[in-house]
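This report is meant to be read alongside the sequence and the coordinates. Please keep both in view.

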Amino acid sequence: MAEVTVVLAEDDVLLREGVASLLERSGHQVVGQSGDATGLLDLVRLHRPDLAIVDIRMPPTHTTEGLAAARVIRQELPEVGILVLSAHAEVEHAMELLASGQGIGYLLKSRVADVAEFLDTLKRVARGGSVVDPALVRELVSVRRREDPLERLSAREREVLALMAEGRSNVGIARHLWITEGTVEKHVRSLLAKLGLPEAVEDHRRVLAVITFLEAQ
């Protein structure tokens, strides 16, 4: 496993120390820890880590300090991946983060207990991937808006897009749906075309597709 350098911001000391210990034992390097957004920004500017793990609610008001800090990091150091942890699935925050580009993850804190999945998410975000907690995706797909831009997609293409929204690769989607990777690639090309997304780098088009999916729910 390639080592990822991490700055960790979480005001719950037990959770922060627990996550830091887990990362260190897994071969990653925690280069700084903070209990507030100001300290987080100082550490990120100093160390320029591969990834910043950020609690969305931190002192002093415990509202959106982490989200505000994530915006600053994205503006100043866009190469730093950002993995935001939240106690609850907050649709608006997740969509805003995804819209800011690649190397973004939104994960519920309860997901940290699944160590293998958490570490996989960390690596994907550090490499420039975009990951959305599956619980948030399920919440989104349970509600339909009157005007659905996804209407033109087939049932299978919707399944593929939902799994893309969870941050799965083509290989991961193929394994989940028990189909070949080539078939997944055909579905992805088809749904991108049907959504009318502009020609761009493939990874960025996938992010745009996920945003379209989230906004349509």
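The sections below cover model confidence, the sheet, the helices across it, two backbone features and one pocket.

## Confidence

The structure is a predicted model. Over the protein chain the mean pLDDT is 83, with 80% of the residues at 70 or more. Confidence peaks in strand 1, where the mean is 96, and is lowest in helix 10, residues 202-215, where the mean is 64. Where pLDDT is low, the predicted coordinates should not be read in detail.

## The sheet

An open sheet is built from six strands with parallel pairing, in the order 2-1-3-4-5-6. The edges are occupied by strand 2 (29-34) and strand 6; each has a single partner strand, so one side of each has no neighbour in the sheet. From one strand to the next, the twist averages 20°.

Strands of a sheet pair through backbone hydrogen bonds, either parallel or antiparallel. At the strand 6 edge, strand 5 (residues 104-108) runs parallel to strand 6 and is joined to it by three bridges. Tyr-106 is placed opposite Val-132 of strand 6.

## Helices across the sheet

Helix 1, residues 13-25, lies across strand 1 (5-9), strand 2 and strand 3 (51-55). Its direction is at about 170° to strand 2. Helix 2, residues 37-47, also lies across strand 1, strand 2 and strand 3, but runs at about 150° to strand 2.

## Backbone features

Most residues other than glycine have a negative phi, and most peptide bonds are trans. Two sites in this model depart from that pattern.

Arg-48, which is not a glycine, has a positive phi of about 45°. This residue, Arg-48, belongs to the loop between helix 2 and strand 3. The peptide bond between Pro-59 and Pro-60 is cis, with omega at about 10°. Pro-60 is located in the loop that connects strand 3 and helix 3 (65-76).

## The second largest pocket

The second largest pocket holds about 260 Å³ of space. Its lining has 13 residues, and those closest to the centre are Glu-117, Asp-120, Arg-124, Glu-166 and Arg-168. By class, the lining consists of five charged, four polar and four nonpolar residues.

Which elements supply at least two residues each of this lining? They are helix 5 (115-126) and strand 6 (130-132). Helix 5 gives the most, with four residues. Strand 6 thus appears twice in this account, as an edge of the sheet and as a part of the pocket lining.

Note on methods
Residues are numbered from 1 along each chain as its sequence is written. This is a predicted model: local features need pLDDT of at least 70, side-chain atom pairs count only at pLDDT 80 or more; totals for chains, interfaces and linings use all residues. Side-chain values use heavy atoms; hydrogens and water are left out. On a 1 Å grid over the protein atoms alone, a cavity is a set of points where a 1.4 Å probe fits but cannot get out, and a pocket is an open set with protein on both sides within 12 Å along at least five of seven lines; lining residues have an atom within 4 Å of a point. Grid points are joined across faces, edges and corners, and a volume is the space filled by probe spheres set on the points. Ala, Val, Leu, Ile, Met, Phe, Trp, Tyr, Cys and Pro count as nonpolar, Asp, Glu, Lys and Arg as charged, and the others, Gly among them, as polar. Two strands pair if DSSP finds at least two bridges between them. Axes are lines fitted to C-alpha atoms, for helices over the stretch in contact, and angles run from 0 to 180 degrees between N-to-C directions. Contact means heavy atoms within 4.5 Å. pLDDT is the predictor's confidence in each residue, from 0 to 100.
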